[in-house]
Amino acid sequence: MRVVLAEDLYLLREGLIRLLEAHGFTIAAAVESGPDLLKALLEQRPDVAVVDVRLPPTLTDEGLQAALAARREIPGLPVLVLSQHVQQLYARELLADGSGGVGYLLKDRVFNAEQFIDAVRRVAAGGTAMDPDVIAKLLQRGVRSEPLGRLTPREREVLELMAEGCSNSAIAARLTVSDGAVAKHIANIFAKLELAPTDDANRRVQAVLAHLNGMR
């Protein structure tokens, strides 16, 4: 599996390279700036991109902007954002088209190699890997908007776990409810958000997040 990595801090970049290679990934390119990231993504067309948000030259949002520009040229390009910051506007735009794997992890909340590697693989396979804090900020913005405001507190909990990439069984275990109860909550969520139900958990989560992206 080929990876393009964007991280401006040398030690962290080298550490990520070693970690990914140790788990069987091939580093197609490792860059440290926004322009270099966009060039590498368009030239290499990797299986997944692991991208920091703040890259040179301005250290603002070059990483996300480069990822968005690349996805416009390569629809469905899997992108895992690894950052210390939540950029709500660009995160919503990244999730908006509902195609291809997407993830957003916070660096200080990645606690072990298995968690990170699982997220990379899940995104590369077309799934989602969202940090709960990122999800909370994305949901918070639209909490008073319709139709998101129609959800019950329990349905919002289920929605957040769906966005993390949890399966129905995993959600049931986390909330200590039955699989049937989870299925009912999910059906209600799709009905209230006017989204067609699907058995594909990853596409379902992306559709929900795409809907949330439109609530500005």
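**Exercise 1. Find the residue in β2 that is the bridge partner of V4, then work out how β1 and β2 pair.**

Step 1. Start at V4 in this predicted model and look across to β2: the bridge partner there is A29.

Step 2. Now widen the view to the two strands. β1 and β2 are joined by five bridges, and their pairing is parallel.

Step 3. Turn to another partner of β1. Residues 2-6 make up β1, and four bridges link this strand to β3, residues 48-51, again in parallel. Here L5 is the residue that faces V50 of β3.

Step 4. Ask how well β1 is covered. Four of its five residues are buried, so the rest of the structure largely encloses β1.

**Exercise 2. Trace the strand order of the open sheet and say which strands stand at its edges.**

Step 1. Follow the pairing from one strand to the next. The six strands come in the order β2-β1-β3-β4-β5-β6, with parallel pairing, and the sheet is open.

Step 2. Look at the two ends. β2 (26-31) and β6 each have a single partner strand, so one side of each lacks a neighbour in the sheet.

Step 3. Check the twist. On average, neighbouring strands here are turned by 15 degrees against each other, direction ignored.

Step 4. Add the helices. α3 (residues 62-73) packs on the sheet and touches β3, β4 (79-83) and β5 (102-106), with its direction at about 175 degrees to that of β4. α5 also packs on the sheet, touching β3, β4, β5 and β6, and its direction makes about 150 degrees with that of β4.

**Exercise 3. Decide whether the faces of β4 are covered or open.**

Step 1. Recall a helpful rule: side chains in a regular strand alternate between the two faces of the sheet.

Step 2. Sort the residues of β4 by side. V79, V81 and S83 lie on one side, L80 and L82 on the other, and all are buried, which leaves both faces covered. The count agrees, with five of five residues buried.

Step 3. Connect β4 to its neighbour β3. Three bridges join the two strands, which run parallel, and V50 has L80 as its bridge partner in β4.

**Exercise 4. Compare the settings of L64 and L9: is each buried, partly exposed or exposed?**

Step 1. Place L64 in helix α3. Its relative accessible area is 0%, so L64 is buried, as the cut-off is under 20%.

Step 2. List what surrounds L64. Beyond its neighbours within four places in sequence, L64 is in contact with V51, D52, V53, V81, Q87, Y90, A91, L94 and Y104.

Step 3. Place L9 in the loop between β1 and α1 (10-22). With a relative accessible area of 48%, L9 is partly exposed.

Step 4. See what the fold brings together across the sequence. L9 and L55 are 46 residues apart in sequence, while their C-alpha atoms are 9.3 Å apart in space.

**Exercise 5. Describe the largest pocket: its volume, its lining and the chemical classes found there.**

Step 1. Begin with the space itself, about 260 Å³.

Step 2. Identify the lining. There are 15 lining residues, and L105, Q115, R122, M130 and E164 lie nearest the centre of the pocket.

Step 3. Assign the lining to elements. α5 (113-124) and β6 (128-130) each supply at least two residues, and the largest share, four residues, comes from α5.

Step 4. Finish with the classes: seven lining residues are nonpolar, two polar and six charged.

Technical notes
Residues numbered from 1 in each chain as written. Predicted model: local features only at pLDDT ≥ 70, side-chain atom pairs only at ≥ 80, totals over all residues. Heavy atoms only, no water. 1 Å grid on protein atoms, 1.4 Å probe; cavity = no way out; pocket = protein on both sides within 12 Å on 5 of 7 lines; lining within 4 Å. Points joined across faces, edges and corners; volume = space filled by probe spheres on them. Nonpolar A, V, L, I, M, F, W, Y, C, P; charged D, E, K, R; others polar. Pairing = 2+ DSSP bridges. Axes fitted to C-alpha atoms, helices over the stretch in contact; angles between N-to-C directions. Contact = heavy atoms within 4.5 Å. Buried < 20%, exposed > 50% of the residue type's maximum accessible area, 1.4 Å probe, protein only.
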